[in-house]
Amino acid sequence: MMQPIVSPHVYYWVYGALLALTLLTVGVAFLDLGPLNLILALGIAICKALLVMLFFMHLRYSSHVSWIVAGAGVIWLAHLLIFTLSDYLTRGWLPVGGW
Amino acid sequence: MEGNGALAEQFDDLAQQHEAASLGMWVFLVTEILFFGGLFAGYTVYRAAYSEAFREASHHLDLLLGSINTAVLITSSLTMALAVHNAQEGRRRALVVFLLLTMIVGAVFLGIKVTEYTHKYEQDLVPGIRFAYGGPHPGQVQLFLIFYFIMTSLHALHLTIGIGLLGVLAFLAWRGHFSADYYAPVETSGLYWHFIDIVWIFLFPLLYLIGTH
């Protein structure tokens, strides 16, 4: 059995959602929400990326091996960002000279 | 590729062959995440350190063109998804048309990007080539623009490669190389194209939308 063929209507809905989310992210960027601005911008970007991965990239219909590979990429990226920031953001917490 | 010729001998069936091709592309895309991830991590560190200057620098990007380009790239992802759909259905003419459409929309994105780069040059905002900045934090603004130019130009390079790939596919499709049984190159090139879209989905808010409020 080959990959199931997805109806083009699904693609149109995903396309509409992606455009709506783009408008939303531009819209909320004009409001001053403090730290929430960054969280919303990244949250919307993650939603858009998930829509593209699940439907356009057929991940929703793919084998679990593909999920593991895609997940490995995301988890690696999270490691890179979290461990980098855990260094840079915590510098100065302790009174150690030379930084 | 005729009849059972679509199936290479090392695979049990067409589904397994197709899955192997897609999986290989996903593994490649993970290495691409590592590639762009380093730049995103560097950006994150300096944005945390110089958030005020990065907000100020972001004002100098063209939000309207950036937003239009986001919509343009999403549109190209839709036409790419429809190209893959028509490949699955074995519709040769529609496949060629959607591949060409995707190439054209991708080229529109690149054209708008070139316009933006030209404006930056005219505004003396190209670090290392032509840079003059009167506001506060000139060095840190320059750093933001270096991230902007390197990240967007590497993204544009990927898109250019993608357009070339689709050109080859359109030629092969026109020659009748693909069928409902064998369209893995269209599927995997689609994965690559959508990945480029995802990179832009993160570049857009991180570069264009941090100084608007």
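A residue is called buried if 20 or more other C-beta atoms lie within 10 Å of its own, exposed if 12 or fewer do, and partly exposed in between, with C-beta atoms placed from the backbone. This is a predicted model, in which local features need pLDDT of at least 70 and side-chain atom pairs count only at pLDDT 80 or more, while totals for chains, interfaces and linings use all residues. Residues are numbered from 1 along each chain as its sequence is written, and chains are lettered from A and ligands numbered from 1 in the order in which they are written.

Two histidines have positive phi values, as tabulated here. Helices (H or I, at least four residues) and strands (E, at least two) are DSSP runs, numbered from the N terminus.

| Residue | Phi | Loop |
|---|---|---|
| A:H58 | near 65 degrees | between helix 2 (36-56) and helix 3 (64-88) of chain A |
| B:H137 | near 55 degrees | between strand 2 (130-131) and helix 5 (138-174) of chain B |

A:H58 counts as buried because it has 20 C-beta neighbours inside 10 Å. B:H137 has 16 other C-beta atoms within 10 Å and is therefore partly exposed.

A nonpolar core is a set of buried Ala, Val, Leu, Ile, Met, Phe, Trp, Tyr and Cys residues joined through C-beta atoms within 7 Å. The largest one has 78 residues, and B:A83, B:L95, B:L99 and B:F144 have the most contacts inside it. Among the elements that each supply at least two residues of this core are helix 1 (8-29) and helix 2 of chain A. Helix 6 of chain B gives the most, with 15 residues.

Leaving aside residues up to four places away in sequence, B:L95 touches B:A83, B:N86, B:A87, B:A173 and B:F178; contact here requires C-beta atoms, placed from the backbone, within 7 Å.

How values were computed. Two residues are in contact if their C-beta atoms, placed from the backbone, lie within 7 Å.
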